[in-house]
Amino acid sequence: MNFFIKILYLISKLPLKILYIFSDIIFFLNYYVVGYRKQVITQNLKNSFPEKSEEEIAAIKKKFYLNFSDYLAETIKSFTMSETETKVRMQHINQELFHEAKEEGKNIILLAGHVFNWEWMNTLATIVPQTNCHPVYRKVNSTFWENQMKKVRSKFGNDALEANEVVLNIFRAKNNGDSIYLFVADQTPHFSHVSYGLEFLNQRTPAFIGYDKLATRMDLIFIYCEMKKVKRGFYQINYHRVMPDGEKFAKNEVVRKFHKLLENTLHKRPDNYLWSHRKWKYQDSIKDFDSEKI
């Protein structure tokens, strides 16, 4: 395994323009030869966009494979990519929201989706006034990949936290505007933890609601991260503050609003989402389905 890690890090040091050659090869193999999760991707797209024609679905699917291949190459590159290069390739819009949170003395919960390339968000820690930045990660079956992703998400002054420990960490920390927690909030709960669901992209969707407990119990600031791929290797994140309808968030309100914002993003740029993920496999396990339109 140590040999494999060394090889991986040597590959990571190659310029992105070289890694994109590998990406093109991966795309060719995935799309034309292997057909990686082809049925899952096709069905997810058809269910999510029933108004689109077969030709439109096929075009989105092909672009997805291109973006997914780039994501794999960019994730390898993130192992060794410098702070300077990451800042050049990832532009952060509406940074004033972080200064407002600092002035208000409230910690921040960032809500992102599996929109490419969420792994490059971590240089945010170098440009915000907050001292503590905590990307949240989930345990995976491979200890090797979990360790690698924790290292990547802990770069540039970040302190990555495992999902099972983050809520307790937030409750214990001072709510003083000096901490940021980044959730990839469209995670699919394990079927044993599925309780709440809502209609998202025309489908009954199990929703991760851990951050909702924070919204209803603490006076935190919630910010949606709208990711946009400008061109190959360059991204923008436009930050939007999520506000409650009343004085504070009602139960599941922030979950609905996050999914609505994410849905709007995907309607604008549908090919840039992780469609190979089996997001809807636990539909039948939903106990509390929210029929209210998001």
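Trp 118, Glu 119, Met 121, Asn 122, Pro 135, Val 136, Arg 153, Leu 182 and Val 184 line the largest cavity of this structure. The model is a predicted one. Strands β3 (132-137) and β5 (179-184) are the elements that each give two or more residues to that lining. This briefing covers the enclosed cavities, then the open pockets, then a three-stranded sheet.

**Cavities**

- The structure holds four cavities of 30 Å³ or more.
- The largest cavity contains about 100 Å³ of space.
- Its lining divides by class into six nonpolar, one polar and two charged residues.
- The second largest cavity contains about 70 Å³ of space.
- Leu 110, Met 121, Asn 122, Leu 124, Ala 125, Cys 133, His 134, Pro 135, Asn 158, Ile 180 and Leu 182 line the second largest cavity.
- Here again, β3 and β5 are the elements that supply two or more lining residues.
- Strand β3 provides the largest share of the second lining, with three residues.
- The second lining has eight nonpolar and three polar residues, and no charged ones.
- Met 121, Asn 122, Pro 135 and Leu 182 are named in the lining of the largest cavity and also in that of the second largest.

**Largest pocket**

- The largest pocket has a volume of about 1800 Å³.
- Its lining comprises 45 residues.
- Arg 138, Lys 139, Val 140, Gln 187 and His 277 lie nearest the centre of this pocket.
- Helices α4 (54-77), α7 (143-153), α8 (163-172) and α9 (210-217) each supply at least two lining residues.
- Strands β3 and β5 also supply at least two lining residues each.
- Helix α4 gives the most to this lining, with five residues.
- By class, the lining of the largest pocket has 23 nonpolar, twelve polar and ten charged residues.
- Strands β3 and β5 thus appear in the linings of the largest pocket, the largest cavity and the second largest cavity.

**Second largest pocket**

- The second largest pocket holds about 200 Å³ of space.
- Of its 15 lining residues, Asp 219, Leu 220, Pro 244, Glu 247 and Phe 249 are the closest to its centre.
- The elements that give two or more residues to this lining are α9, β8 (221-231) and β9 (234-242).
- This lining divides into nine nonpolar, one polar and five charged residues.
- Helix α9 contributes at least two residues to the largest pocket and two or more to the second largest pocket.

**Sheet β7-β6-β10 and helix α10**

- Three strands form an open sheet in the order β7-β6-β10, with mixed pairing.
- Strands β7 (203-206) and β10 (288-290) are the edges, and each pairs on one side only.
- Neighbouring strands of the sheet are turned by 35° against each other on average, direction ignored.
- Strand β6 (residues 196-200) pairs with β7 in the antiparallel sense, over four bridges.
- Within this pairing, Gly 197 stands opposite Pro 206 in β7.
- Helix α10 (residues 253-268) lies across β6 and β10.
- Helix α10 runs at about 30° to β6.

Technical notes
Residues are numbered from 1 along each chain as its sequence is written. This is a predicted model: local features need pLDDT of at least 70, side-chain atom pairs count only at pLDDT 80 or more; totals for chains, interfaces and linings use all residues. Side-chain values use heavy atoms; hydrogens and water are left out. Two strands pair if DSSP finds at least two bridges between them. Axes are lines fitted to C-alpha atoms, for helices over the stretch in contact, and angles run from 0 to 180 degrees between N-to-C directions. Contact means heavy atoms within 4.5 Å. On a 1 Å grid over the protein atoms alone, a cavity is a set of points where a 1.4 Å probe fits but cannot get out, and a pocket is an open set with protein on both sides within 12 Å along at least five of seven lines; lining residues have an atom within 4 Å of a point. Grid points are joined across faces, edges and corners, and a volume is the space filled by probe spheres set on the points. Ala, Val, Leu, Ile, Met, Phe, Trp, Tyr, Cys and Pro count as nonpolar, Asp, Glu, Lys and Arg as charged, and the others, Gly among them, as polar.
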